[in-house]
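Biologist: Could you walk me through this structure, one question at a time? I have the sequence and the coordinates open beside me.

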Amino acid sequence: MNQSETVSSLVQVIIAGNRKAAPELAKKLLQSGMDAYEIVTAACSPAMERVGELYQEEEYFVPEILMSAKAFEAVMEILKPLLLEAQGQYSGTVILGVCEGDIHTIGKNLVATMLEAAGFKVIDLGKDVPVDRFIDSAVEYDADIIGASALMTTSMIAMEDIVDRAKTKGIRSKIMVGGGPVTQSYADSIGADGYGKDAKEAVDVAKRLMEG
Amino acid sequence: MSGGIPDRVPVSIVSSAWVFSTYGLDLQTAYKDAERMTEVWRGFNRDFGADAIVLSLSSTVIPSYFGTTWKFPKSGFPLLMEPAVKEMSELEELQQIDPSKDEQLQACYRHGTQLVEEFGDERCVWFMTTGPLSNAARITETEFMMECLIEEPDFVRDLFRFSVDAWKIAVKPILEMGVDVVDFSSSPGSPDLISPRMYREFFWEFDREVIQWIHEYGAKAVFHICGNTLRIIEDMAKTGANGLSIDSMLDMSLAREAIGKKTALVGNLDPANILMNGTPDDVIAASLEAMKIGGINGGFVLAPGCDVPPTCPRENIAAMINTATEYGGYPLTY
């Protein structure tokens with residue numbers, strides 16, 4: 001298998017969610033002299049973008065997209081130490097978390113993976129995150145974007161507080177929201193800068209927010 | 001739900017969390033106190049007068065028995081912290097449930113017996129709980145279960161088998177006391193999470209088994225899957241369920257078209273946008289519309305589409321119930 005064939009195989013196994021084969025192929029590419037950043041842009045990003053499309057086309061559902069994310073993460077595990085040298089190439093920094101009172105992390109994790117695949121630096125605060133932690137972390141990391149997720153209506157209401165607190169504190173981060181009960185009109189009503197209805201859209205929104 | 005057209009559209013709140021919060025019960029301790037729970041439903045029946053008195057078993061009880069831990073926020077639903085089963089091998093080590101050793105199950109049985117004795121003749125006693133396949137995602141954890149659906153299908157079947165068996169053991173005394181309806185959820189089967197193909201392959205048979213088992217005791221079976229279930233609604237109806245409880249994003253006229261007249265629909269007011277954030281007038285308008293679409297010829301119970309947030313205002317619940325009692329008389333004339 002030559003290098004370009006190995007790249008296409010890597011794309012295929014990430015799409016197929018094969019988390020055993022994916023890191024092996026990445027190692028092979030490194031051995032053949034390809035650099036880590038190029039592996040991300042030539043294989044990981046297009047693979048995860050295709051996964052996002054398959055989800056939107058209703059070919060893929062959560063288990064399939066989750067396994068692709070795992071395969072991608074297994075590749076990143078190998079590439080990350082090598083990518084640290086290339087920090088300047090991040091397209092932006094995103095603070096990500098699930099609102100307080102909510103522990104539904106699947107959607108948030110997929111967004112994190114897709115953002116990483118698209119070249120963003122992701123600071124993942126995890127689940128059940130209080131409003132202040134979003135804000136404090138955004139300040140600490142000088143984040144470009146805060147991404148807040150919720151699956152439950154009872155926790156979704158914290159998004160409004162995040163927007164308000166960010167305004168009062170005068171931080172520069174743009175705010176995007178998403179998750180089960182969240183809609184574009186809800187996002188507009190609380191003054192959020194962006195809304196993504198799924199992980200793929202979230203990446204598109206993040207890219208748009210970076211353009212100003 | 002028996003087929004045929006009743007005097008009017010029945011209405012049910014299908015939620016205990018809201019009722020308990022509204023009547024001042026703390027959700028963390030409520031489920032241990034049979035007498036207080038019965039007292040609260042007596043109050044709800046007096047103040048709101050819905051057709052169904054809901055006996056419920058909290059979503060935390062069965063998973064907690066096996067070791068899952070939770071955090072209870074001041075308002076809102078319990079949050080899963082650590083699942084009982086984090087690795088596949090841990091499933092085999094679990095001892096099957098023994099209801100005599102569980103305080104909350106015992107309280108639920110006492111509370112249920114009190115409700116059936118007190119309301120059994122005049123009201124529908126509607127037992128509502130998380131179903132065995134929802135519990136499976138709380139004995140393990142949803143994301144882990146999703147991974148296993150692809151990589152470890154045999155484990156998923158073992159997990160479902162174990163969870164269905166546990167559920168039957170826990171629920172049997174409730175069926176024996178003579179509740180009218182058993183309403184359970186099968187939430188991880190939602191097309192918002194998994195493909196219709198996967199639903200048919202892993203979930204459907206267990207859902208059908210549970211429904212047949214409920215029927216053996218003479219109760220009606222209702223089951224609920226969250227989200228837009230249109231793509232699996234025919235499969236859901238083929239389980240033999242008497243009623244399908246449906247979420248607000250499902251187009252009820254399309255659902256009715258897909259399943260025919262035999263199966264009742266239960267729903268589908270939007271718990272967040274209408275019941276929690278809407279005005280009583282919004283609730284009345286949504287209720288009238290739901291009855292017209294879902295219940296023109298019977299086979300319909302007006303209810304929230306999914307669990308009602310504890311912060312939902314009581315005027316809105318009253319508006320839902322009053323709309324059914326005032327305008328729901330058959331034939332619908334408004």
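The conversation below goes through the contacts between the chains, the helix packing and some backbone details.

Biologist: Happy to start. What kind of model is this, and how many salt bridges does a search of the whole structure find?
Modeller: This is a predicted model, and side-chain atom pairs count only at pLDDT 80 or more. With that in mind, the search over all chains gives a number of salt bridges equal to 34.

Biologist: Let's turn to the interface. How much area is buried between chain A and chain B?
Modeller: The contact draws on 21 residues of chain A and 26 residues of chain B. Carbon and sulfur atoms give 63% of the buried area. The area itself comes to about 2,000 Å².

Biologist: Which residues in chain A lose the most area to chain B?
Modeller: Three residues stand out here, and together they account for 25% of what the chain A side buries. They are A:Phe61, A:Pro63 and A:Ile103.

Biologist: Nice. Which residue forms a salt bridge with A:Lys70?
Modeller: Across the interface of chain A and chain B, the rule finds six salt bridges. In the one that involves A:Lys70, the closest N and O atoms are 3.0 Å apart. The partner is B:Glu147.

Biologist: And A:Arg19, where does the residue it meets in a salt bridge lie?
Modeller: The side chain of A:Arg19 meets that of B:Glu151, at 2.5 Å from N to O. This pair crosses between chains, starting from A:Arg19 in the loop between helix H1 (3-16) and H2 of chain A. At the other end, B:Glu151 belongs to helix H8 (residues 142-151) of chain B.

Biologist: Which element gives the largest share of the side of chain A that touches chain B?
Modeller: Between chain A and chain B, eight residue pairs are in polar contact. On the chain A side, the elements that give two or more residues are H4, helix H5 (106-117) and helix H7 (153-156). The largest share, six residues, is from H4(A).

Biologist: H4(A) also packs inside its own chain, I see. At what angle do H2(A) and H4(A) pack?
Modeller: Helix H2 (residues 21-31) passes helix H4 (residues 62-83) in chain A with the axes 8 Å apart, and the crossing is right-handed. Residues including A:Ala26 and A:Leu30 in H2(A) meet residues of H4(A), among them A:Ala74 and A:Ile78. By class, this contact has 10 nonpolar, no polar and one charged residues. The angle is about 35 degrees.

Biologist: What is the angle between H7(B) and H9(B)?
Modeller: These are residues 132-139 and 153-176 of chain B, with axes 8 Å apart and a right-handed crossing. B:Pro132 and B:Ile139 are among the residues of H7(B) in the contact, while H9(B) brings residues including B:Phe160 and B:Trp167. The contact divides into eight nonpolar, two polar and no charged residues. The helices pack at about 115 degrees.

Biologist: Now the backbone. Which residues does the cis peptide bond with omega of about -20 degrees join?
Modeller: Most peptide bonds are trans. A cis bond with omega of about -5 degrees joins B:Tyr330 and B:Pro331, and B:Pro331 lies in the segment after helix H15 (314-327) of chain B. For the other value, look at strand S8 (residues 264-269) of chain B, where B:Asn268 lies. The bond with omega of about -20 degrees joins B:Gly267 and B:Asn268.

Biologist: One last thing: what is the phi of A:Asp128?
Modeller: Most residues other than glycine have a negative phi. A:Asp128 sits in the loop between strand S2 (121-124) and helix H6 (131-140) of chain A. Although A:Asp128 is not a glycine, its phi is positive, at about 55 degrees.

Key. Residues numbered from 1 in each chain as written. Chains lettered and ligands numbered in written order. Predicted model: local features only at pLDDT ≥ 70, side-chain atom pairs only at ≥ 80, totals over all residues. Heavy atoms only, no water. Axes fitted to C-alpha atoms, helices over the stretch in contact; angles between N-to-C directions. Helix = DSSP H or I, 4+ residues; strand = E, 2+ residues; numbered from the N terminus. Left-handed = near helix turned anticlockwise from the far one by under 90°. Contact = heavy atoms within 4.5 Å. Nonpolar A, V, L, I, M, F, W, Y, C, P; charged D, E, K, R; others polar. Buried area = accessible area lost by both parts, 1.4 Å probe. Salt bridge = Lys/Arg side-chain N within 4 Å of Asp/Glu carboxyl O. Polar contact = N/O pair within 3.5 Å; in protein donor to acceptor, adjacent residues only side chain to side chain.
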